[in-house]
Amino acid sequence: KKYRNILNSDIIHLRKPDAKDWDGIMHVNPKLKEKALAMFFNPTDKDIVRTIELPLYYTGIEKIAHIREREGRSKKYKLDRDYCVSLEITIPAKGYTWYVVE
């Protein structure tokens with residue numbers, strides 16, 4: 001229930017699913033405290049570590065994004081010229097993780 005508002009917001013597909021590598025979607029809404037919630041899925045039998053570019057243009061954030069994994073501590077990320085940040089993420093085998101952008 002905590003993230004209901006952002007989960008009912010617009011969706012951006014981060015990668016086309018192919019069941020061979022990670023899959024991800026991101027909910028965005030510039031009017032909320034949580035500007036985005038990105039979810040990543042791993043359909044494989046091995047943990048995946050990837051550097052993924054998050055497109056934050058539709059979040060309304062212009063310079064600095066505060067991003068945290070699940071309920072962890074947030075870190076500051078500077079947006080590049082095309083409103084993206086690079087995130088290194090680890091997705092457990094046959095599992096998922098999510099990141100909150102504020």
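Here are four exercises on side-chain contacts in this structure, each with a worked solution.

Before you start: this is a predicted model, where local features need pLDDT of at least 70, side-chain atom pairs count only at pLDDT 80 or more, and totals for chains, interfaces and linings use all residues. Residues are numbered from 1 along each chain as its sequence is written, and side-chain values use heavy atoms, with hydrogens and water left out.

**Exercise 1. Find the partner of Asp 21 in a salt bridge, then say how buried or exposed each side is.**

Step 1. Recall the idea: side chains of opposite charge can pair when their charged atoms come close. The rule used here asks for a side-chain nitrogen of Lys or Arg within 4 Å of a carboxyl oxygen of Asp or Glu.

Step 2. Apply it. Asp 21 pairs with Arg 15, at 4.0 Å from N to O.

Step 3. Check the cover. Buried means under 20% relative accessible area, exposed over 50%, and partly exposed in between (1.4 Å probe, protein chains only). Asp 21 has 15%, so it counts as buried. Arg 15 has 23%, so it counts as partly exposed.

Step 4. Look at what else Arg 15 does. Its charged end sits over the ring of Trp 22, 5.7 Å from the ring centre. For that label, NZ of Lys or CZ of Arg must be within 6 Å of the ring centre and within 35 degrees of the ring normal.

**Exercise 2. Work out which parts of the chain the salt bridge of Glu 102 and Lys 33 ties together.**

Step 1. Get the distance: the two side chains meet at 3.3 Å, N to O.

Step 2. Place both residues. Glu 102 lies in the segment after β8 (96-101) and Lys 33 in the loop between β2 (23-28) and β3 (36-41), so the bridge ties together parts 69 residues apart in sequence. (Strands are DSSP runs of E, at least two residues, numbered from the N terminus.)

Step 3. Add another bridge: Arg 68 and Glu 71 meet at 3.6 Å, N to O. Salt bridges that share partners join these four residues and Lys 2 into one network.

Step 4. Put it in context: the whole structure has 8 salt bridges.

**Exercise 3. Describe how the rings of Phe 40 and Tyr 99 are arranged.**

Step 1. Learn the rule. Rings of Phe, Tyr and Trp (its six-membered ring) pair if their centres lie within 6.5 Å; planes under 30 degrees apart are stacked, over 60 edge-to-face, and the rest tilted. The count is 5 aromatic pairs.

Step 2. Use the numbers: with centres 6.0 Å apart and 75 degrees between the planes, Phe 40 and Tyr 99 are edge-to-face.

Step 3. Locate them. Phe 40 is in strand β3 and Tyr 99 in strand β8, 59 residues apart.

Step 4. Check the cover: Phe 40 is buried at 0%, and Tyr 99 is buried at 5%. Ring pairs also bring in Trp 22, giving a cluster with Phe 40 and Tyr 99.

**Exercise 4. Classify the ring pair of Tyr 57 and Tyr 83, then find the surface patch they belong to.**

Step 1. The centres are 5.4 Å apart and the planes at 70 degrees, so the pair is edge-to-face.

Step 2. Tyr 57 is in the loop between β4 (48-55) and β5 (64-69), while Tyr 83 is in the loop between β6 and β7, 26 residues apart.

Step 3. Tyr 57 is exposed at 52%, and Tyr 83 is partly exposed at 31%.

Step 4. Together with Tyr 58, they form a nonpolar surface patch with about 360 Å² of accessible area. Patch members have over 30% relative accessible area and no salt bridge; like charges are joined within 9 Å, nonpolar side chains (Val, Leu, Ile, Met, Phe, Trp, Tyr) within 5 Å. Accessible areas come from the Shrake-Rupley method with a 1.4 Å probe.

Notes: Helices (H or I, at least four residues) and strands (E, at least two) are DSSP runs, numbered from the N terminus.
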